[in-house]
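Thank you all for coming. Please take a moment with the sequence and the structure on the screen, and then I will walk you through them.

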Amino acid sequence: MSGKIIPLVLMLTASVIAQDPEPDWILKKVDQNITATNRISEAEMVIHGRRGDRTIRSKSWIKGTETAFTEYLSPPRERGTKMLKQEDNLWTYFPGTDRTVLIAGHMLHQSVMGSDLSYEDLMEDPKLQNLYDAQIVDKDTLIGRPCWILQLQAKKPNVAYYGRKIWVDQERFLTLRENRYAKSGRLIKTTEVKSITIIDDRWVAEKIVFKDELKSGGGTEFTLLSVEFDAVIPDYIFSKANLKK
């Protein structure tokens with residue numbers, strides 16, 4: 001009798017060990033991985049448009065999740081353009097006209113530098129747990145990494161994307177692929193991580209392709225050139241006066 005009980009106990013124990021974690025816990029781990037204290041980064045954005053490719057380089061200073069300053073370094077046409085995000089406000093300085101514009105309302109739907117990203121994408125709360133309820137719907141393998149597939153549904157109506165499907169690395173808690181949907185269920189945008197790297201003991205996406213599924217073109221390829229976590233950034237960086245400097 002006891003010989004039958006032991007295998008049964010082992011089977012039940014293995015079943016418990018094999019259980020997936022709660023989806024909200026997975027989202028929390030994803031949020032912890034993508035948010036950080038102050039950081040400075042440089043990136044290159046290649047826009048694969050209908051008329052050819054454009055390469056734009058930028059430098060960003062980021063404080064938490066609510067404050068960010070970005071300066072475009074090249075090409076000459078975009079050099080000197082700057083953006084400042086402070087909570088729910090986003091200002092852009094255009095050196096050609098020497099004007100600072102508050103990006104709001106319908107302007108938030110416009111493309112950033114002709115890319116597949118909109119200003120609305122930049123303004124949305126990066127913490128998914130604040131915006132969505134989640135459930136695990138499947139598993140998959142991407143770039144050699146086992147992933148959970150989570151279906152996300154908006155908690156409130158005033159979000160840019162009513163639904164999302166994300167592929168989360170089961171060990172590193174990086175989102176390796178994402179589909180973003182309208183309330184109708186129509187696919188609006190996709191993102192896919194092509195390579196990852198480790199910087200200061202933190203796994204980060206090194207190369208990502210963004211695609212607006214409602215427009216033609218080959219998408220926008222984003223490459224992280226460098227990043228400094230826990231950087232010391234003076235307060236004046238995040239001021240409107242710094243836009244025109």
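What percentage of the 245 residues of the chain count as buried? The figure is 41%, where buried means under 20% relative accessible area, exposed means over 50%, and partly exposed is in between, with a 1.4 Å probe and protein chains only. Before going on, I should say that this is a predicted model, in which local features need pLDDT of at least 70 and side-chain atom pairs count only at pLDDT 80 or more, while totals for chains, interfaces and linings use all residues. Residues are numbered from 1 along each chain as its sequence is written, and side-chain values use heavy atoms, with hydrogens and water left out.

Let me begin with the chain as a whole. Its secondary structure comes to four helices and 13 strands, these being DSSP runs numbered from the N terminus, with H or I and at least four residues for a helix, and E and at least two for a strand. Taken along the principal axes, the C-alpha atoms fill a box of roughly 85 × 40 × 35 Å. If we take contacts between residues at least 6 apart in sequence, 45% of them join residues at least 24 apart, a contact being heavy atoms within 4.5 Å. The accessible surface comes to about 13800 Å², and 51% of that belongs to carbon and sulfur atoms, with areas from the Shrake-Rupley method and a 1.4 Å probe, where for residues only the protein chains shown count as cover.

Now please look at strand 4, residues 82-86, where four of the five residues are buried. Which strands does it pair with? On one side, strand 3 (residues 67-74) runs antiparallel to strand 4 and is joined to it by five bridges, and here F69 stands opposite L84; two strands are said to pair if DSSP finds at least two bridges between them. Strand 4 also pairs with strand 5 (residues 89-94), again in the antiparallel sense and over five bridges. Along that pairing, M83 has T92 as its bridge partner, and Q86 stands opposite N89. The hairpin of strand 4 and strand 5 has two residues between the strands, and E87 takes a positive phi near 55° there.

From strand 5 we can continue to strand 6 (residues 99-102), since these two pair in the antiparallel sense over four bridges. T92, which we met as the partner of M83, stands opposite V101 in strand 6. In this hairpin there are four residues between the strands, and D98 takes a positive phi near 55°.

Let me turn to two buried residues elsewhere in the chain. S41 is found in strand 1, and it counts as buried because its relative accessibility is 14%. Leaving aside neighbours within four places in sequence, S41 is in contact with S58, K59, S60, L224, S226 and V227. T223, in strand 13 (residues 219-229), counts as buried because its relative accessibility is 16%. Not counting residues up to four places away in sequence, T223 touches E42, A43, E44, E206 and K207.

Finally, the empty space. On a 1 Å grid over the protein atoms alone, a cavity is a set of points where a 1.4 Å probe fits but cannot get out, whereas a pocket is an open set with protein on both sides within 12 Å along at least five of seven lines, and lining residues have an atom within 4 Å of a point. Grid points are joined across faces, edges and corners, and a volume is the space filled by probe spheres set on the points.

The largest pocket has a volume of about 450 Å³. Its lining has 24 residues, of which D88, M123, E124, D125 and N158 lie nearest the centre, and strand 5, helix 3 (119-123) and helix 4 (128-131) each supply at least two residues. By class, this lining divides into ten nonpolar, five polar and nine charged residues, where Ala, Val, Leu, Ile, Met, Phe, Trp, Tyr, Cys and Pro count as nonpolar, Asp, Glu, Lys and Arg as charged, and the others, Gly among them, as polar.

The second largest pocket, of about 300 Å³, is lined by 13 residues, with I47, G49, R50, R51 and G114 nearest its centre. Its lining has one nonpolar, six polar and six charged residues.
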